[in-house]
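Thanks for coming. I'll keep this short. Have a look at the model, then we'll go through the charged pairs, the sheet and one helix.

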Amino acid sequence: MPSAIHPFAAWARRSSSFLAELFRKDQQPENAADLLIYRLKRWPKLPSSSMSTDIYRTLSVMSTRPVNRRWILNNSSLQADQLDLLLHRLIEQDALDVTDAAKYRPDTHRGLNA
């Protein structure tokens, strides 16, 4: 019978691997949009023609945790132009919290004596 610590340990592993995926040091962002982190504030109003399973799944994940553009592209079958249109619509409706991760990265241009 598993102890009460097992669920917490599993949660910690999932959380740390998710954060590591967002801020992987060996991976350079393709563009500035990759440094933006999105979290859904409220369910958006989208045309029924654009509500595919992938969009529902993506919105569901975005409502429970923050994700970046690269994560969405890697974990859904949405194309870059479809994703950009979706993000644009969500921003227009003020349905997203957008965080610029660049402000949380260490300044690599400064020396140790700066």
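Salt bridges to begin with. I count one when a side-chain nitrogen of Lys or Arg lies within 4 Å of a carboxyl oxygen of Asp or Glu. By this rule the count is three salt bridges.

Two notes on the source. This is a predicted model, where local features need pLDDT of at least 70, side-chain atom pairs count only at pLDDT 80 or more, and totals for chains, interfaces and linings use all residues. Residues are numbered from 1 along each chain as its sequence is written, and side-chain values use heavy atoms, with hydrogens and water left out.

More terms. Helices (H or I, at least four residues) and strands (E, at least two) are DSSP runs, numbered from the N terminus. Buried means under 20% relative accessible area, exposed over 50%, and partly exposed in between, with a 1.4 Å probe and protein chains only.

Now the pairs. Lys 41 forms a salt bridge with Asp 94, and the closest N and O atoms are 2.9 Å apart. This pair links distant parts of the chain: Lys 41 sits in the loop between strand 1 and helix 2, Asp 94 in the loop between helix 4 and strand 3, 53 residues apart. Lys 41 is partly exposed at 41% relative accessibility. Asp 94 is partly exposed too, at 48%.

Next, Asp 54 with Arg 57. The closest N and O atoms of this salt bridge are 2.9 Å apart. Both residues are in helix 2, and being three residues apart, they are separated by about one helical turn. Asp 54 is buried, with a relative accessible area of 15%. Arg 57 is partly exposed, with 45%.

Then Arg 69 with Asp 84, a salt bridge whose closest N and O atoms are 3.0 Å apart. Arg 69 lies in helix 3 and Asp 84 in helix 4, so the pair ties together parts 15 residues apart in sequence. Arg 69 is buried, at 7% relative accessibility. Asp 84 is partly exposed, at 37%.

On to the sheet. In what order do the three strands lie? The order is 2-1-3, in an open sheet with antiparallel pairing. Two strands pair if DSSP finds at least two bridges between them. Strand 2 and strand 3 are the edge strands, each pairing on one side only. Five bridges join strand 1 to strand 3. One bridge partner in strand 3 is Leu 96, opposite Leu 40.

Helices pack on this sheet. Contact here means heavy atoms within 4.5 Å. Axes are lines fitted to C-alpha atoms, for helices over the stretch in contact, and angles run from 0 to 180 degrees between N-to-C directions. Helix 2 touches strand 1, strand 2 and strand 3, and its direction makes about 95° with that of strand 1. Helix 4 touches strand 1 and strand 3, at about 110° to the direction of strand 3.

Last, helix 2 itself. Its buried residues are Asp 54, Ile 55, Thr 58, Leu 59 and Met 62. Seen down the axis, they fall within an arc of 130°, so they line one face of the helix. That arc is taken from the directions from the helix axis to the C-beta atoms. The face turned away from the buried side carries the exposed residues Thr 53 and Thr 64. Besides the three strands, the buried residues pack against helix 3 (69-75) and helix 4 (80-92).
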